Amino acid sequence: MTKRLENKVAVIIGASKGIGRGIAKVFAKNGALLCLTGRNESLLANVVKEVSTDTTAEYYLGDVTNENDMTGLIDKVMTTHGKIDILCINAGIYPLGWLGKMTLTQWNEVISTNLTSVFLATNLCLPIMKKQQYGRIVITSSISGPKVGLPGYSHYTASKAGISGFIRTAAIELAKYNITINAVEPGNILTEGLEDVGEEHMKRMTKAIPMGRLGTTEDIGFATLFLASDEAKFITGQTLVVDGGQVLPESVFLPFNDNDD
Ligand code: NAP
């Protein structure tokens with residue numbers, strides 16, 4: 001496999017499990033030096049171990065909702081490596097929250113973890129990338145919010161739709177420094193957390209996907225790799241849906257196939 005991220009320092013925020021871990025694995029195979037972040041030290045240490053056969057990786061502890069943590073973490077990466085070429089902002093939470101029952105605290109927790117974190121990490125890396133005259137920022141968004149609604153998740157969909165607005169404006173502001181900013185919008189991806197939802201629910205989710213399967217974390221890793229690579233140098237302010245065709249059908253009640261086979 002060609003190593004498309006050779007000599008690049010990549011910070012992946014929210015890399016201790018799930019999609020972040022998948023991005024780390026794909027980036028490792030492509031030669032990036034990895035700085036993986038999250039709050040769970042033992043999970044991060046496992047991911048570092050897992051990718052260490054392919055690349056150099058280390059972990060940095062920090063909460064994305066805490067400005068001091070994030071500042072400290074970016075400072076440490078700079079002290080160790082002196083540059084940040086790629087910033088992937090993947091940390092996110094999706095607790096259920098029905099309108100009328102959700103508290104302001106619950107709303108704020110999702111907005112600050114999923115959206116304010118994107119502003120904070122981008123803002124902290126901007127002076128570094130500006131000086132380098134180089135930067136690739138890739139955010140893990142979702143189809144939920146930017147493309148479709150999801151009952152019980154108005155806070156989550158608002159946070160992800162907010163990312164779409166943020167990157168469009170940021171892309172214009174950052175273009176002159178050779179910094180691109182884009183987002184990947186996953187559909188239903190099989191992560192450790194999703195395995196707990198039960199067989200019946202999994203079946204229903206799979207049925208809604210024309211390709212007949214849930215996505216893998218590596219599916220998102222490969223889309224992120226493209227947007228983080230030099231091949232994508234003229235793409236900015238864009239989003240890439242990775243969902244096996246889930247958002248395409250006019251109605252879930254229509255059959256996807258002609259049932260001939
Ligand atoms: P996950 O398995 O729960 O992983 C979430 C990651 O975010 C973990 O590494 C976690 O690290 C980190 N994180 C969460 N809150 C954090 C905080 N306050 N500070 C620092 N790190 C934090 O979730 P996932 O399913 O992989 O989701 C990853 C991203 O993909 C999210 O943005 C999510 O919205 C998006 N997404 C997922 C799906 C899906 O089907 N799974 C679909 C569309 C979009 P620690 O726990 O170590 O802090």
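How do the residues of the shell around the ligand divide into nonpolar, polar and charged? In this predicted model, the shell comprises nine nonpolar, 15 polar and four charged residues. The protein that surrounds the ligand is built on an open sheet of seven strands, paired in parallel. Helix 1 and helix 5 each contribute at least two residues to the ligand shell, and helix 1 also packs on the sheet.

**Sheet architecture**

- The seven strands of the open sheet follow the order 3-2-1-4-5-6-7, with parallel pairing.
- Strand 3 (57–61) and strand 7 (239–242) form the edges, each pairing on one side only.
- From one strand to the next, the twist averages 20°.
- Strand 1 (residues 9–13) and strand 4 (residues 86–89) run parallel and are joined by four bridges.
- Within this pairing, V11 is positioned opposite L87 of strand 4.

**Helices against the sheet**

- Helix 1 (residues 18–29) touches strand 1, strand 2 (33–38), strand 4, strand 5 (135–140) and strand 6 (179–186).
- The direction of helix 1 makes an angle of about 165° with that of strand 1.
- Helix 5 (residues 154–174) lies across strand 5, strand 6 and strand 7.
- Relative to strand 6, helix 5 runs at about 160°.

**Ligand surroundings**

- The ligand has 28 residues around it, of which S16, I19, R39, Y94 and Y156 come nearest.
- Both helix 1 and helix 5 are represented in the shell by at least two residues each.
- By class, polar residues account for 15 members of the shell, nonpolar residues for nine and charged residues for four.

**Polar contacts and coverage**

- The side chain of D63 places a polar atom 3.0 Å from a nitrogen atom of the ligand.
- In the side chain of K160, an N or O atom is 2.9 Å from an oxygen atom of the ligand.
- G187 takes part through its backbone, where an N or O atom lies 3.5 Å from a ligand oxygen atom.
- On its own, the ligand has 880 Å² of accessible area, and the protein covers 92% of this area.

Conventions. Residues are numbered from 1 along each chain as its sequence is written. This is a predicted model: local features need pLDDT of at least 70, side-chain atom pairs count only at pLDDT 80 or more; totals for chains, interfaces and linings use all residues. Side-chain values use heavy atoms; hydrogens and water are left out. Two strands pair if DSSP finds at least two bridges between them. Axes are lines fitted to C-alpha atoms, for helices over the stretch in contact, and angles run from 0 to 180 degrees between N-to-C directions. Contact means heavy atoms within 4.5 Å. A residue is near a molecule or strand if one of its heavy atoms lies within 4 Å of it. A polar contact is a pair of N or O atoms within 3.5 Å; within protein, one must be able to donate a hydrogen and the other to accept it, and residues adjacent in sequence count only if both atoms are side-chain atoms. Accessible areas come from the Shrake-Rupley method with a 1.4 Å probe; for residues, only the protein chains shown count as cover. Ala, Val, Leu, Ile, Met, Phe, Trp, Tyr, Cys and Pro count as nonpolar, Asp, Glu, Lys and Arg as charged, and the others, Gly among them, as polar.
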